[in-house]
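Biologist: Please take a close look at one part of this model, the enclosed empty space inside the protein. I would like to know what surrounds it and how the rest of the chain provides the setting.

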Amino acid sequence: MTTPDTVTKRPLTALIAANYLSWIGNTMTLVAVPLYVLDISGSPAEAGAAGFAGALPMIIAGLAGGVIADRIGARRTSVWADLLAGVFMAAVPLLHSTAGLALPVLMALLFLRTLADAPGTAARLSLLPRVTAQTGVRSETANSLFHSAQRVAFVVGPPAAGVLTGITGPAAVLYFDALSFLLSGLFVAIAVPRTRPADAEQEQEREQKQGARPGLVREVSEGARYILRTPILAAIISVVVCTNFLDDALTPVLLPVYSREVLDNADLVGWLLAANGIGAVVGSFAYAPASRRLLRNRWATFVGCFALICVARLVMALEAGLWPMLLVTFAIGLASGPINPLVTGVVERVTPANMLGRIWGAVMAMAFAAAPIGIFLNGWLTEQLGLRTTLAVFGGLYVLLIAYALTNRALRRLADEGAKGSPGGVPSPAR
């Protein structure tokens, strides 16, 4: 039996479910694609090439995808992005089992799959504030539930992919990823209303009076310019981009090396990753209730979470044993959990609805660009200087970043917003 309350919350439930499906499919594919390539070719180089092809479009597609979401509507972009990504993903095992699949074709399909998927991510983020407002749910609660998808997916997806691959082979996992995209698009298409935000309609009317709308490159640059001239966005996103540079090497580089060289057992990296993932899930879900009182001060929460990560990264340089490292990786995950919901809430409050796609596209592109550089530099420094020195260097950089966050005026005004409990405390963008 449905009630008016369940009907009201259905769009938000569908959007969160779609995000869960998309993220779980993505994390399962991270495991399945290299196993699939190794299964059919036995070549680590080809597996690396396939991974590169899947990751390459993220920067370009993130930028362009945000503009597409603003131009044709976030709902339509989300649905079509998921449907296209699902078709491209399904074509990989389907072609392999029928006509055959050469490596260039595989790389092209993985490239197109990511190219289609990235606009969908920006579109769902653009839909979130409008759908949340329609349901009457607190922004902090909706953002926490929405972003918990990524945290849960990295705990559930890879082990599930490993088990499914062992039972049926990697092709079945790729079909599951395709199905997750198709279901995600279906949920949004059926349950999320077609309405557009009022300022988007006004913007469209102005463009029709003025003639042709600006080109794609100009609209992409508008998102970056808006971030730069809005003090709170410039400050908060600069911190997030820097932490992506500092932190994204933890899983692929630092923890595996730590397990092998310090713990003398490479297999223990699985335990460290599990502790980190569990901490992130707990932190993400806990933010919604904690934001009412304990984490109400957004500035203290933002800086405090990164400060805890900073301390944990410095402790890693002491090269402690397994049990202390389990606590350290859990603490890093726990502190990272509230950050995405908090940042999302700030971006939503200071960005016009008709620009959300461009802003999220720009944020995603900057984050994606910073992460590979940090991963490469961590690996190079670890090889040249050793693990302990690398951990100390990056821990020291974290200390400088915390000092910047503590002294930045725009970030400090997040405390006023948290105290007032409304968007009024956030600095208005420069005009």
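Modeller: This is a predicted model, and a search of the whole structure finds one cavity of 30 Å³ or more. The space in this largest cavity is about 30 Å³. Its lining is made up of Ser139, Glu140, Asn143, Tyr287, Arg298, Pro341, Leu342, Gly345 and Arg349. Two elements, helix 6 (139-168) and helix 15 (339-350), each give two or more residues to that lining. Helix 15 gives the most, with four residues. By residue class, the lining of the largest cavity divides into three nonpolar, three polar and three charged residues. As for the approach in general, rolling a probe the size of a water molecule over the atoms shows where empty space is left.

One residue to examine alongside the cavity is serine 284, which is placed in helix 12 (residues 269-290). Serine 284 counts as buried because its relative accessibility is 0%, where the cut-off for buried is under 20%. Leaving out residues up to four places away in sequence, serine 284 touches Ser144, His147, Ser148, Arg151 and Gly337. With Ser148 there is also a specific atom pair: the side chain of serine 284 reaches the backbone nitrogen of serine 148 at 3.4 Å.

A second buried position is valine 173, found in helix 7 (residues 170-191). Its relative accessible area is 0%, so valine 173 is buried. Not counting neighbours within four places in sequence, valine 173 is in contact with Met28, Ala32, Ala161, Leu164 and Thr165. Valine 163 lies 10 residues from valine 173 in sequence, and the C-alpha to C-alpha separation of the two is 9.8 Å.

The setting for these parts is a protein chain with 19 helices and zero strands. Of the 431 residues in the protein chain, 50% are buried. Among contacts between residues at least 6 apart in sequence, 84% join residues at least 24 apart. The accessible surface of the protein chain comes to about 19000 Å², and carbon and sulfur atoms account for 68% of that surface.

To return to the part you asked about, the lining of the largest cavity includes Ser139 and Glu140 as well as Pro341 and Leu342, and helix 15 is the element that gives the most to that lining.

Methods
Residues numbered from 1 in each chain as written. Predicted model: local features only at pLDDT ≥ 70, side-chain atom pairs only at ≥ 80, totals over all residues. Heavy atoms only, no water. Buried < 20%, exposed > 50% of the residue type's maximum accessible area, 1.4 Å probe, protein only. Polar contact = N/O pair within 3.5 Å; in protein donor to acceptor, adjacent residues only side chain to side chain. Contact = heavy atoms within 4.5 Å. 1 Å grid on protein atoms, 1.4 Å probe; cavity = no way out; pocket = protein on both sides within 12 Å on 5 of 7 lines; lining within 4 Å. Points joined across faces, edges and corners; volume = space filled by probe spheres on them. Nonpolar A, V, L, I, M, F, W, Y, C, P; charged D, E, K, R; others polar. Areas by Shrake-Rupley, 256 points an atom, 1.4 Å probe, with all protein chains shown as cover.
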